[in-house]
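Trainee: Could you pick one part of this model and walk me through it up close? I'd like to see how you reason from the numbers to the words.

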Amino acid sequence: MRLLKTVLDFYIRSSLHVAICFVALLYVFHCYSFVKLSDDFALLGFCFVVIGYNFIKYATLVYDNRDFKYKKGIFAITVISALVGAYLLLFETLLAYIVLLISGLLSLFYVIPFYHKKSLRLMSIIKVVTVVLVWWLVIMLLPVFSNYTEIVNWQPGNDINWTPYIIKSIELFLFVFSLLIPFEIRDLKYDAPSLKTIPQLVGTRKTKYLGMLLLLCAFLLHHFYFMQYEFPYYFIPLLIYVITAIAIWFSDKFKSDYYVSFFVEAIPVFWLALYWVT
């Protein structure tokens, strides 16, 4: 049992879990998209998340020469991800570089103070919006320009109907925002009052209501624009949104960090698994 806990702890702390969940969400939102993903693109996204999240979590500790748990293992995972990601970037397009540069700068300024000695992490609601924006950029915008993706069912000279893709992009933004609500509630016990996070500003209950409202808006978009699709594609998101709503509602009942860091974060993996089995 102790070995299992150690492995699970390293798996979460090294950002491998969040990277796998990111890739799952990437595939979920492109299941019925005209953008066909490749395994190389998924690997690039995986590496980007590992590097970005480990930088956010450990850059300050490394800079201050402080020790932290699994330091050597996390460093090794990050270096391997950086090398693989750098190799994949050699074959990317200029527009893909621009999208990744913007995402990287947002991740950088999330940690490094740049405005009145404040980083984006210390800017209340802007903190959450920044995280959501980075996920949106890599999941929805980067595939449009990447060398590792393909626009299917399209011939030169024919116009593409971008409306469904734009709607899915908005749906993704709303869903990821709602998925971050349990993290905001969990971090109440760590955050200083000066941070003025959403739960600190409006309270836990109203923050939960905000998450429910975001999920409702996401599903309504899905309902009105994709109800003509086959049954699994229409029904499964409804089930996932219900599960996410339940996770948000009980986010202050479970005191273990594993509830949010593992179970809530794994919702996209469960979503993708449902697509696979149906």
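Mentor: Sure, let's zoom in on helix α1 and how it sits against helix α11, residues 257–264: the two pack at an angle of about 70°, with their axes 11 Å apart. That angle falls between 65 and 115 degrees, so α1 counts as roughly perpendicular to α11. As for handedness, α1 passes α11 in a left-handed crossing. Keep in mind as we go that this is a predicted model.

Now look along α1 itself. Arg13 and Asp9 both belong to this helix, which covers residues 2–13. They are four residues apart, about one turn of the helix. Their side chains form a salt bridge, and the closest N and O atoms are 3.0 Å apart. That fits the rule, because a salt bridge needs a side-chain nitrogen of Lys or Arg within 4 Å of a carboxyl oxygen of Asp or Glu.

How covered up are these two partners, Asp9 and Arg13? Asp9 has a relative accessible area of 7%, which is under the 20% cut-off, so Asp9 is buried. Arg13 comes out at 34%, between the 20% and 50% marks, so Arg13 is partly exposed. The pair also belongs to something wider: Asp9, Arg13 and Lys69 are linked in a network of salt bridges.

Next, step off the end of α1. Ser15 lies in the loop between α1 and α2, where α2 covers 16–28. Its phi is near 70°, a positive value in a residue other than glycine. With 0% relative accessibility, Ser15 counts as buried. Tyr70 makes a nice companion to Ser15: Tyr70 has a positive phi of about 60° although it is not a glycine, and its place is in the loop between α3 and α4.

Since that loop joins α3 and α4, let's see how those helices meet. Helix α3 is residues 39–63 and helix α4 is residues 71–89; they pack at an angle of about 140°, with their axes 9 Å apart. You might be tempted to call that antiparallel, but the word needs an angle over 145 degrees, so α3 and α4 are oblique to each other. The crossing of α3 over α4 is left-handed.

Try the reasoning again with another partner of α3. With α6, the angle is about 160° and the axes are 11 Å apart. This angle is over 145 degrees, so α3 is roughly antiparallel to α6. Here the crossing is right-handed.

While we're at α6, which covers 125–145, look at the loop between α5 and α6, where you'll find Leu122. At 34% relative accessibility, Leu122 counts as partly exposed. Leu122 also shows how a chain can fold back: its C-alpha atom is separated by 9.8 Å from that of Asp191, although the two are 69 residues apart along the chain.

Let's go back to salt bridges, because α1 has given you the pattern. A search of the whole structure finds five. One of them joins the side chains of Glu171 and Lys168, at 3.1 Å from N to O. Both lie in helix α7, residues 163–186, three residues apart, again about one turn of the helix. Check the burial and you'll find Glu171 at 0% relative accessibility, which makes it buried, and Lys168 at 6%, buried too. Another salt bridge pairs Asp187 with Arg186, with the closest N and O atoms 3.0 Å apart. Those two residues are both buried as well.

Finish with a look at the surface. Tyr209, Phe235, Leu238, Leu239, Val242, Ile246, Trp249, Phe250 and Phe270 form a nonpolar patch there, with about 750 Å² of accessible area together. Which helix gives the most to it? Helix α10, residues 231–249, with six residues. Leu238 is found in this helix, and its relative accessible area of 31% makes it partly exposed. Patch members need over 30%, so Leu238 passes that cut-off.

Definitions and conventions
Residues numbered from 1 in each chain as written. Predicted model: local features only at pLDDT ≥ 70, side-chain atom pairs only at ≥ 80, totals over all residues. Heavy atoms only, no water. Patch = residues over 30% accessible without salt bridge, like charges linked within 9 Å, V, L, I, M, F, W, Y side chains within 5 Å. Areas by Shrake-Rupley, 256 points an atom, 1.4 Å probe, with all protein chains shown as cover. Buried < 20%, exposed > 50% of the residue type's maximum accessible area, 1.4 Å probe, protein only. Axes fitted to C-alpha atoms, helices over the stretch in contact; angles between N-to-C directions. Parallel < 35°, antiparallel > 145°, perpendicular 65-115°, else oblique. Left-handed = near helix turned anticlockwise from the far one by under 90°.
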